[in-house]
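Trainee: I would like to take a close look at a single part of this molecule and see how the rest of the chain surrounds that part. Could you take me through it slowly?

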Amino acid sequence: MSITTNNASSAPCMETTDYTNPIIHIDPSMCTGCRRCAGVCPVDAIEGQPGEPQTVNADRCVICGQCVQICSVYASDWAGSSPQEAASRRQERLRERDMPADIGEPLFAAYYSGSLNKVTDMMTKPGQFRIVQCAPAIRVSIAEEFGMPFGTLTPGKMAAALRRLGFDRVYDTNFGADVTIMEEGTELIRRVTEGGPLPMFTSCCPAWVRFAEIEYPDLLDHLSSCKSPMQMLGSLVKTYGAQLDEVEPANIYSVAIMPCTCKQFECDRPEMESDGYRDVDEVLTTRELAYWIKKSGIDFMNLPDEEFDSPLGRYSGAGSIFGVTGGVMEAAIRTGYELLTNEKLPKLQLDFVRGEEGIRVAEVQVGELELKVAVVAGLQHAYGLLDRVQAGECDYHFIEVMGCPAGCISGGGQPKLMLEKHRIEAYRARKSSIYGHDAGLQVRKSHENPHIIKLYDEFLGEPLGHVSHHLLHTTFQKRGPGKQSRSCDAPAKETGSSIH
């Protein structure tokens, strides 16, 4: 394989109005107008004057939650109130945020709407078969909520905790990531060999998809038509999984644990259903799962390690690295190279797509094809690249885009980090932990996952086949007039080197 780095079917588009309820909020009674939130917003959705309470423009917001992560203002307007009045007002705000009444952490001005109370109520409903899936970035961050060091890897404790919370099956979004590689990789090969449209963009990150729908609706046919791994697994849970467990899809309650504040928006999109059943019924963030475990009195640190359930909880190392920037690209190249060349990839650790916030580009020799790829981390860096695509000046074949600065490990629903030095330490530790997890797994390529092979043999047939097209692919919607005026004219710097 020669690599040079410089650091399917098209998705139909239809115009629609935005229907979503706001998920990201700023409490005007707490906000001091410091505008740190505006500084991290990639789409200028935070509005207001310095020193005055800020507001979120819901039509522009991509729900990435970075403003929630950065907000450090928790001074309350009940400081002069009596203890009884202060307690009452705190409870009122906890209800607004759908947080447990007994949670003890400070309440910050920027927050997202939660779903924990809704999920715990549903878990008591009789006659349900309760299924949960966990994103790759959760297992390297949840332990931080229980006082363990940054990046501590705890998939076994997480699976054990979820069973004690009442789930009948504990599955893994990493399995959905492996399916995504099979579908997305096949789609890319088809586009390259049959004439595009190119470049093809990943569609795993819901904040990126919403960004494209708002800012670049004319480029939506460049997005892969694949649903995200969460939605793919959700669809398989109520079809293939229902058959294996001999349960009616109508009786399945499907929950996803995600590092991302935009996943609830994705879950609620009307097109995210199959045969009348929602792919995923509800989404909780990492922080909400931690609240739930604490509220239930589960001793997380001393739980024994347990396995995820089979087959929809068994994954390859390629599936696990979806949690970091460059992970989707690395997983896709591991599989795409071998499917196109019928040769073993010489080296599985593809350092040229790994990195930090910004843009990395590379040229990868895959048989006769010189595959040109790019990785974008942080939506503010996407504008310049997308402008080049619009102008017909971008010759890449495949582009991964993730909305958050280090990928899903830095998502808006992850444990809150107050200091910049802690943020840097946590991102590095979580990333290192994810790559270590991949390196330690016996199977590290999606197409070699025996449970993926069995899924296609027994149920899906073939990637991009009739069944997978029905269950695993989707469409995107125009949500705005296109790129709005903003200060994004300076293109992001592309970095890299040459490898042979």
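Mentor: What follows begins with the whole chain and then turns to one helix and its surroundings.

This is a predicted model, in which local features need pLDDT of at least 70 and side-chain atom pairs count only at pLDDT 80 or more, while totals for chains, interfaces and linings use all residues. Residues are numbered from 1 along each chain as its sequence is written, and side-chain values use heavy atoms, with hydrogens and water left out.

The secondary structure of the chain comes to 17 helices and 19 strands, where helices (H or I, at least four residues) and strands (E, at least two) are DSSP runs numbered from the N terminus. Of the 500 residues in the chain, 61% are buried, a word that means under 20% relative accessible area, whereas exposed means over 50% and partly exposed lies in between (1.4 Å probe, protein chains only).

The part to look at closely is helix α7, which spans residues 206-215. Because 10 of the 10 residues of α7 are buried, this helix is largely enclosed by the rest of the structure. The buried residues of α7 include Trp-208 and Phe-211, and also Arg-210, Glu-213 and Glu-215. An α-helix has 3.6 residues a turn, so residues three or four places apart point the same way.

What, then, covers the buried residues of α7? The cover includes the strands β9 (200-201), β16 (398-402) and β17 (476-478), together with the helices α10 (263-268) and α14 (382-390), and contact here means heavy atoms within 4.5 Å.

Two residues of α7, Trp-208 and Phe-211, are also among those with the most contacts inside the largest nonpolar core, which has 97 residues. A nonpolar core is a set of buried Ala, Val, Leu, Ile, Met, Phe, Trp, Tyr and Cys residues joined through side-chain atoms within 4.5 Å. Ile-399 is also listed among the residues with the most contacts in that core, and, not counting residues up to four places away in sequence, Ile-399 touches Pro-199, Met-200, Phe-201, Thr-202, Met-329, Ala-374, Val-376, Leu-385 and Cys-394. A second, separate core of 26 residues includes Leu-345, Ala-362, Val-366 and Val-375.

Helix α11 (residues 286-295) can be set beside α7, for α11 is mostly covered, with eight of its 10 residues buried. Leu-289 and Trp-292 are among the buried residues of α11, and both are listed among the residues with the most contacts in the largest core.
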